[in-house]
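Colleague: I would like a close look at one part of this model, the pairing of oppositely charged side chains. Please take it slowly and give the cut-offs as you go.

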Amino acid sequence: MTDFDRYTAEYSPELTRFCMKLCGNVHDAEDLFQDTWARAFERIDQYDAIYSFKKWLFAICANTFKNAKKNKYHSSKVLFSSQEEKEAFLRSIPAKEQDIDAYLDLHIAIHALPKKHRVVLILYYFREFSQSEIAGMLGIPEGTVKSRLNTAKKLLKRRLTDEEHQR
């Protein structure tokens, strides 16, 4: 088994979850997943084994998603025919959590965030990268990462509080 085969086996489940959370739908997540592995394979000679392969891979994925200006996973809105369809989709996202229903409102609110806030929030809270690691992965200043995290948290709090009051 080559190193790349080992990496693929080890990181595919996490990468799948990351792609699903970024894209908001299965088809675009599958495309992003494939594009990420293709780019990683093309650039494997540039990977330095003294660094984390996971960070390198997730940086490729985040940048592929971020830079996709003219392709299908650039759209910021996912259209569902009903609230039930949207909830069924969110329940289908592979997750480590045993009780995805407890997090459904949070997942819905996260998917409503602007892309630049959603990417940083997912990398920080769901993939557990540090702010400095995220800054390096996305090629932005650490202060920008902090600002986007702060804005994302405020937007989530506002949305979740508003939804709670509407019930």
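What is the relative accessible area of Glu10?

Modeller: This is a predicted model, in which local features need pLDDT of at least 70 and side-chain atom pairs count only at pLDDT 80 or more, while totals for chains, interfaces and linings use all residues. Residues are numbered from 1 along each chain as its sequence is written, and side-chain values use heavy atoms, with hydrogens and water left out.

Glu10 has a relative accessible area of 42% and is partly exposed, a class lying between buried (under 20%) and exposed (over 50%), computed with a 1.4 Å probe on protein chains only. Its partner in a salt bridge is Arg6, with the closest N and O atoms 3.9 Å apart; the term requires a side-chain nitrogen of Lys or Arg within 4 Å of a carboxyl oxygen of Asp or Glu. Arg6 is likewise partly exposed, at 37%, and the two residues, 4 apart in helix H1 (residues 3-23), are separated by about one helical turn; helices here are DSSP runs of H or I with at least four residues, numbered from the N terminus.

By the same rule the count comes to 4 salt bridges. In another of them, Arg127 and Glu14 have their closest N and O atoms 3.6 Å apart. Arg127 sits in the loop between H6 and helix H7 (131-138) and Glu14 in helix H1, so this pair ties together parts that are 113 residues apart in sequence. Both Arg127 and Glu14 are buried.

Glu133 forms a salt bridge with Lys55, the closest N and O atoms being 2.1 Å apart, and thereby links helix H7 to helix H3 across 78 residues. Glu133 is partly exposed at 22%, as is Lys55 at 33%. Finally, Glu14, Lys54 and Arg127 are joined into one network by salt bridges that share partners.
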